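I opened this notebook to keep track of what I looked up, entry by entry. The notes go from the chains to the place where they meet, and then to single residues.

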Amino acid sequence: MPATEYQGSFLGRISIRRNQVIAMDGNHEQELEDLEHFQKHVSDRFSELLSPPPEDVHADALLSISWLRKLLDVFLCCDAEFKAILLMGRDPSQISKPPLDRLIPELLERAVKALDLCNAVTNGVESIRHCQRLAEIVVSALENKPIGDGQAKRAKKALTSLLSAMNLDDKEGTNTKTAERSWSFGRRGASKERAPVRSLSYQVAKNWSAAKQIQAMANNLVAPRGNEASGLASPVYIMSAVLVFVMWALVAAIPCQERNGLATHFPVPKQLSWAHSMIGLQDKIGDEWKKKEKKGMAGLLEEMQKLEKLGQSLIEFTDSYQYPGETEKVEEAAAQVAELAETCRRMEEGLVPLQMQIREVFHRIVRSRAEFLDVLDQESSATEGVVKQTKAFLM
Amino acid sequence: MDDGESAIPTYEGDLHVVAAAHHIVKALGATKNLSHDLRKILVDLDAHLSRITLNIDSKRGRGLFDVEDRLKQAERKIVSWESDPMMIWDSGPGEASEYLEAVDEIQTVIDGLRGLSVNGNRKQKELLHAESVLQMAMSRLEEELVHILIQHRQQFEPKYMSSRSVRRDVVYDESFVSIEDESPETSRRNCNSDESGECIVDLVHAHVIPHIKSIAKVMFTSGYGQEFCEAFIGVRKEALEQYFAILEMGKLSIEDVLNMEWASMSSEMHKWTWSMKIIFRVYLASEKRLCDQVLGDFGSVNPFCFLEISKSTILCLLNFGEAITMGPHQPEKVLRLLDMYETLADLLLSIDTLFSEEASSFVRIDFHELLDRLGGSAIAAFKAFCLAVSSNKSALPFPGGSVHPLNKYVMNFMRLFPEYCSTLNLLLKDQNADANPVPEPEYGQNISPSTSCPMACHLRSITSALESNLHKKSKLYKEEALQHVFLMNNIHYIVQKVKGSELRLFFGDEWIRKHNAKFQQHATNYERATWSSILSLLKDDNPGSSSMSKSTFRERCKGFSVAFEEGHQDHCAVHGNGKELRS
């Protein structure tokens, strides 16, 4: 009904507006419902990660391999839902209106940083697998009884490599060969051909820092306020926060280049109901990080923590061991070796699937980013009419 | 003496087992067609069984004393090397084989002792003693292994493959305008005739391979295979990473790649294609052979070690490729993207062969996916190129009316497409399912495969778009004559470029004829436009009247010569290429 027909009538104009408002509300209601669902799902998923249901007997310890795998699953679910809300059946022009015209590109920049972090973490898993294999040598050496001096020495050698591998992993550059490498027990003094220190920093540029990337990702993460909070800015913020949290947790767990100065919390406002569990997890992990940071460690991954603890205890044992050894100590060591074997088994089962999952997350982020860019591109070419690419063509 | 004598019945049993095994081995050894490796295994087994027999025999006679004695002798050998600063394998072949024999002896003693069904403190003590000596030896062997691998590493020059690639860099200069007169020869790629095969080199000097193998055998037999692998992987992985660093592919994050400006990106993409070829065809093929030689007898350990050695380098190459496919697909990237696509397509077979195991399936999958994405990116850039040609806008008329820089850029760029003909056709055909249909060939007659292929159709539509654009630009000139001169010059340029390169095969004679005709048309129009106004000055207003006044006539002549001068000057100022234009 054209407005002109009712121009004369005041009541007519009001009824037009009301129709319009009702029409908008219809969509708006659906949208609010979707947003609520999204928030609830996010909240539920993180709540399960924080405190799994009591009937779950084999609950995964925080930051264990299986917990991380669950975390990545949570991410994939959130991403799928997020895209459904923002892209499916929606007029693309809404994505390029304020405030999304600023928020979406920011999210996409975070996505790129997340990709680099995925790669760094994948690299880190490689070094963890190396540690796993060293631990398996220790198990081979010590699992047969009685333990001979030879086997004890063998275990000690592997343990020394293990512990130095754990301490080296965080350092930048391939030139830090400070730790005593067990390739040679220094017999030939400054032997020129020491076998190389296994460094991770090969793949990444010298001054790249995981901690700085996380910081940059979190820098402009600001919760929408007022009117914006009821619109699409809200799910964008939620997804951004989820992305930052997941990357942060991965970096905290898995050794990758330069994690010094990793932030231990992000300013997610406590009044956001969906964020309670996430904030709870942040606090827990952040506390652990602060505790261990001073000692210097190889990541908060639960299995690595075990390896470190058991490794340190067993290296003392093997150092002072002489056949047949004290019964108590031998029994204690046996129990530790069994625990070590169990940890290695879990690593053997879980690390490669974890890497595959990180890869999946990587590809998913690439895809989602491409989808958003497509939508944004369509919008910009519709409005501007000139393809940006022409800049290359002189003039 | 006490332990030995009471165990005599067991010795009998043991002897029977060993004799039976020995019999089987001898029977197998008599088989005619045994592979060299298998025969060697049987020979070793034969020797080992003989030793066990001797061992048992002697034990039967003298019990543990003999064992202790042999152990002492071997131990002496091994301990004597502990304090020696020299490396065993540097000290001559005799030393090395003696050392290995000593290790073998210890292992035999351990086997024998374990085989003794009697338990007792003395046996236990001897066993643990032997294991201790064994561990010492294993530790030493690990060092020797690392030493050998590092000492006898062979460097091969990556440069031997580089010469062919240098030429192409000239062509990928942004300033296409400056090389327009270069003959097509310099821009042609090398025939890739020697790229089909792999090139295997010795990464470690061939003469030390047997040494490494003998160390491997001893370490694996003694249950120290894990240590061997860790040492081997460590050294080989580092060697690969150092080599990769020589290739100077920067350690780039995805963020770096996405923010790169074109000149650096072009150079990195070029380095990537080159690195991919060298790493897969030469280095990894050679590394695989080395692993096969050293670890071939040990089952799945072989592919495992190979994967561990090569993983981080492969992921680096993969990562760069993926980062490139994420970026905006600007038109100037199209040629480099096609290069990357073709390089990877050529290498897929090598990749599949090198990483054929289940555990390394992700390598095959990821590179296959990367190929698809590179294809998509290349086509996107190609289409962006087409689009950019039509949407390039000018505000002012191009001074002088000569060949427009857009024309030069586009035509010089297009000259290079025919080299990628088969790839472009393949990719464009796949895309045909999409919304944008391939433009139909305009010229019905004389269709040959080359003029009707998808690439040819697209190229012709690019030139159409270029022509339309040039027409639009010509309208910016106020004078009709200049409009025609401009179009004349530019169409002439296009036709020359097509005729003078492989493009003529794809555009066809028909197209060339028609465009020559267009050029002629504009030439005619130009003449008419320029001279008609001048000629009109000579026209008699009153054709019927017999005379014109003298003054009018003089005026007209003056006007004519002035106009003629001006017209002539303009004509000279607006010059085109080639003699044809001036005639």
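**Entry 1: the two chains**

I began with burial in chain B, where 51% of the 583 residues count as buried. I note here that the model is predicted. For chain A I looked up the matching value, and 53% of its 395 residues count as buried.

Next I checked secondary structure. Chain B has 23 helices and zero strands. Chain A has nine helices and zero strands, and I read its pattern along the sequence as α-α-α-α-α-α-α-α-α.

I then looked at how far apart in sequence the contacting residues lie. Among the contacts in chain B with a separation of 6 or more, 80% are between residues 24 or more positions apart. For chain A the corresponding share is 79%.

**Entry 2: confidence in chain A**

I looked up the pLDDT of chain A before reading further. The average is 80, and 77% of the residues score at least 70. Among the elements of chain A, helix α2 (residues 65-87) has the highest mean pLDDT, 94, and helix α1 (residues 10-50) has the lowest, 69.

I marked two stretches of chain A with low scores. Over residues 1-25 of chain A the pLDDT stays under 50, and the model has eight contacts beyond four places in sequence for them. Residues 169-197 of chain A also have a pLDDT below 50, and this stretch has 71 contacts in the model beyond near neighbours in sequence.

**Entry 3: where the chains meet**

I counted residues on both sides of the interface. In chain B, 69 residues are in contact with 54 residues of chain A. The two chains bury about 5,500 Å² between them, with 55% of it on carbon and sulfur atoms. Which three residues supply more of the area that chain B buries against chain A than any other three? They are E230(B), K251(B) and M326(B), which supply 12% of that area.

I then turned to polar links. I found 16 residue pairs in polar contact between chain B and chain A, both residues being at pLDDT 80 or more. The helices of chain B that each supply at least two residues to the side touching chain A are α4 (64-82), α6 (121-151), α10 (225-246), α11 (254-258), α13 (301-326), α15 (361-391) and α16 (405-414). Of the elements of chain B, α6(B) gives the most to that side, with 13 residues. By class, I have 31 nonpolar, 18 polar and 20 charged residues on the side of chain B that touches chain A.

**Entry 4: salt bridges**

I searched the whole structure and have 43 salt bridges over all chains. Nine salt bridges lie across the interface of chain B and chain A. One salt bridge that I looked up joins K311(B) and E126(A), at 2.8 Å from N to O.

Another joins R133(A) and E230(B), whose closest N and O atoms are 2.5 Å apart. This pair crosses between chains, from helix α3 (residues 100-142) of chain A to helix α10 of chain B. Are R133(A) and E230(B) buried or exposed? Both are buried.

Within chain B, I looked at R70(B) and E105(B), which form a salt bridge with the closest N and O atoms 2.9 Å apart. R70(B) is in helix α4 of chain B and E105(B) in helix α5 (residues 93-115) of chain B, 35 residues apart. R70(B) and E105(B) are both buried.

The side chains of K77(B) and E98(B) also meet in a salt bridge, at 2.7 Å from N to O. K77(B) lies in helix α4 of chain B and E98(B) in helix α5 of chain B, so this pair ties together parts 21 residues apart in sequence. K77(B) is partly exposed, with a relative accessible area of 21%. E98(B) is partly exposed too, at 40%.

**Entry 5: helix α16 of chain B**

Why do I call α16(B) largely enclosed by the rest of the structure? I call it so because eight of its 10 residues are buried. Among them are L406(B), Y409(B), M411(B) and F413(B).

From M411(B) I went to Q496(B), which is 85 residues away in sequence and 9.8 Å away in space, C-alpha to C-alpha. Q496(B) is found in helix α20 (residues 480-499) of chain B. Q496(B) is partly exposed, with a relative accessible area of 34%.

Technical notes
Residues are numbered from 1 along each chain as its sequence is written. Chains are lettered from A and ligands numbered from 1 in the order in which they are written. Side-chain values use heavy atoms; hydrogens and water are left out. Contact means heavy atoms within 4.5 Å. Buried area is the accessible area (1.4 Å probe) that two parts lose on being put together, summed over both. A salt bridge is a side-chain nitrogen of Lys or Arg within 4 Å of a carboxyl oxygen of Asp or Glu. A polar contact is a pair of N or O atoms within 3.5 Å; within protein, one must be able to donate a hydrogen and the other to accept it, and residues adjacent in sequence count only if both atoms are side-chain atoms. Helices (H or I, at least four residues) and strands (E, at least two) are DSSP runs, numbered from the N terminus. Ala, Val, Leu, Ile, Met, Phe, Trp, Tyr, Cys and Pro count as nonpolar, Asp, Glu, Lys and Arg as charged, and the others, Gly among them, as polar. pLDDT is the predictor's confidence in each residue, from 0 to 100. Buried means under 20% relative accessible area, exposed over 50%, partly exposed in between (1.4 Å probe, protein chains only).
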